[in-house]
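Colleague: I would like a close look at one part of this protein, the sheet and the nonpolar core that goes with it. Please take me through it in one go, and then place it within the rest of the chain.

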Amino acid sequence: MSVPQHAADPDQSFSTYADFYLGSAYSAFPQDHRAGGSFGVSIVKVNQGPIDFIDSPVPEIVFCRGDNALKDVLIDSGDGLKINEKSSTGFTIYPANTVFRTRVNHPHSIMSMALPVTSLTEEMESAGITPDGSNFGHWIGRVRAAPISTSRLMDRMWQVLQDPLQANHLLLDGLTLQLLAELSGAGSLAPLGGARPEDERITRVIDYIEAHYGEALTIADLAAIACLSPGHFSRTFKATVGEPVWTYVTRRRCERAKEMLLTTRISIAEVAYRCGFANQGHLTRCFKEAFGVTPAFARRSDRLL
């Protein structure tokens, strides 16, 4: 398949991400735009064909979510950060004022949320993120594994933006802050606005789970990593992450299993073993509850859910 290639025009600048999408080569694709709220949120939904684009910088941070399978993806956001893999899920962040390259070798749909750096500087710095994007590499990998609730928040923001009433714009501000807190809390950084000591301990546990999801995990072991009693740890984890610890562990194991099923030919039984499930039947039950289909169906359909 021939993938269209487009390079950024160094003499062309855009005041917003929305203007960029409407005034660049991306204008050829069907797209819908909505904006509002005091943070200056704008969201774009686009159905795109195969692309290999080098994009002009915009003065906003862009959170991009793939709404279907993104296979054979290359994302180069500068500063040495490159994502080059067979399939991409979750969110990718593009720093403000940065030239980046995106290549996707098949038709795909995305939803992107743009926020001006000026709206987020204080919140970002309190979470350890530099506005110039120089340490985005530390954040992006974790954000791409953002919880399902984050996608639901973005969908809710899209719905709210249908109504121009000021009350809904105030609601949008609350949803924006909640989404940013979840994205930041999805990885090794504390939630935006600072963290309690317990939250910092929970982020260590999350990092451990991500590194050892295929191994046997116990509440006692995870609580020890957090330096909390098992009961206090369970309550703190749910309050910080928004779901019980075993719900989180099972969801992340299912998501890792999904990646393996669609990017490798490893047997389903072996996928179950590598992802920490007791057996193939255990994986099948949890996978169907999470995604609505069995692992075998997901592999046959050759698409992300």
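**The core and the open sheet**

Modeller: The largest nonpolar core has 22 residues, and those touching the most other members are Val41, Ile43, Phe63, Met113, Leu115 and Met157. Bear in mind that this is a predicted model. Six elements are listed as giving two or more residues to this core. They are strands E3 (41–48), E5 (60–66), E8 (91–94) and E10 (108–116), together with helices H4 (148–160) and H5 (166–185). H4 gives the most, with 5 residues. Apart from this core lies another, of 20 residues, which includes Phe20, Val62, Ile75 and Tyr94. As a general matter, nonpolar side chains in soluble globular proteins tend to be buried together.

Now the sheet. Its 5 strands are arranged in the order E2-E3-E10-E5-E8, and the sheet is open, with antiparallel pairing. E2 (31–36) and E8 are the edge strands, each pairing on one side only. From one strand to the next, the twist averages 20°.

The pairings can be taken in turn. E3 and E10 run antiparallel and are joined by 7 bridges. Within E10, Ser112 is the bridge partner of Val44. On to the next pair: E5 and E10 are also antiparallel, over 7 bridges. Here Phe63 has Met113 of E10 as its bridge partner, and both Phe63 and Met113 are among the core residues that touch the most other members. E5 is then joined to E8 by 4 bridges, again in the antiparallel sense. Cys64 stands opposite Thr92 in E8. E10, which sits between E3 and E5 in the sheet order, is mostly covered, with 8 of its 9 residues buried.

For the setting, the protein has 12 helices and 10 strands. Of its 305 residues, 47% are buried. Taking contacts between residues at least 6 apart in sequence, 69% join residues at least 24 apart.

Further along the chain there is a helix pair to compare with the sheet. H9 (residues 245–263) packs against H11 (residues 280–291) at an angle of about 95°, and their axes are 10 Å apart. The two helices are therefore roughly perpendicular to each other. On the H9 side the contact is made by Thr250, Cys254, Glu255, Ala257, Lys258 and Leu261. These meet Leu283, Cys286, Phe287, Ala290 and Phe291 in H11. By type, the residues of this contact are 8 nonpolar, 1 polar and 2 charged.

The loop between helix H8 (230–241) and H9 contains Pro244. This proline is partly exposed, with a relative accessible area of 36%. Leaving aside residues up to four places away in sequence, Pro244 touches Phe237 and Lys238. Its C-alpha atom is separated by 7.0 Å from that of Ser234, and the two residues are 10 apart along the chain.

To return to the part you asked about: E3, E5, E8 and E10 are strands of the open sheet, and each gives two or more residues to the largest nonpolar core. The helices H4 and H5 also give two or more residues to that core.

Terms used: Residues are numbered from 1 along each chain as its sequence is written. This is a predicted model: local features need pLDDT of at least 70, side-chain atom pairs count only at pLDDT 80 or more; totals for chains, interfaces and linings use all residues. Side-chain values use heavy atoms; hydrogens and water are left out. Axes are lines fitted to C-alpha atoms, for helices over the stretch in contact, and angles run from 0 to 180 degrees between N-to-C directions. Angles under 35 degrees count as roughly parallel, over 145 as roughly antiparallel, 65 to 115 as roughly perpendicular and the rest as oblique. Contact means heavy atoms within 4.5 Å. Ala, Val, Leu, Ile, Met, Phe, Trp, Tyr, Cys and Pro count as nonpolar, Asp, Glu, Lys and Arg as charged, and the others, Gly among them, as polar. A nonpolar core is a set of buried Ala, Val, Leu, Ile, Met, Phe, Trp, Tyr and Cys residues joined through side-chain atoms within 4.5 Å. Buried means under 20% relative accessible area, exposed over 50%, partly exposed in between (1.4 Å probe, protein chains only). Two strands pair if DSSP finds at least two bridges between them.
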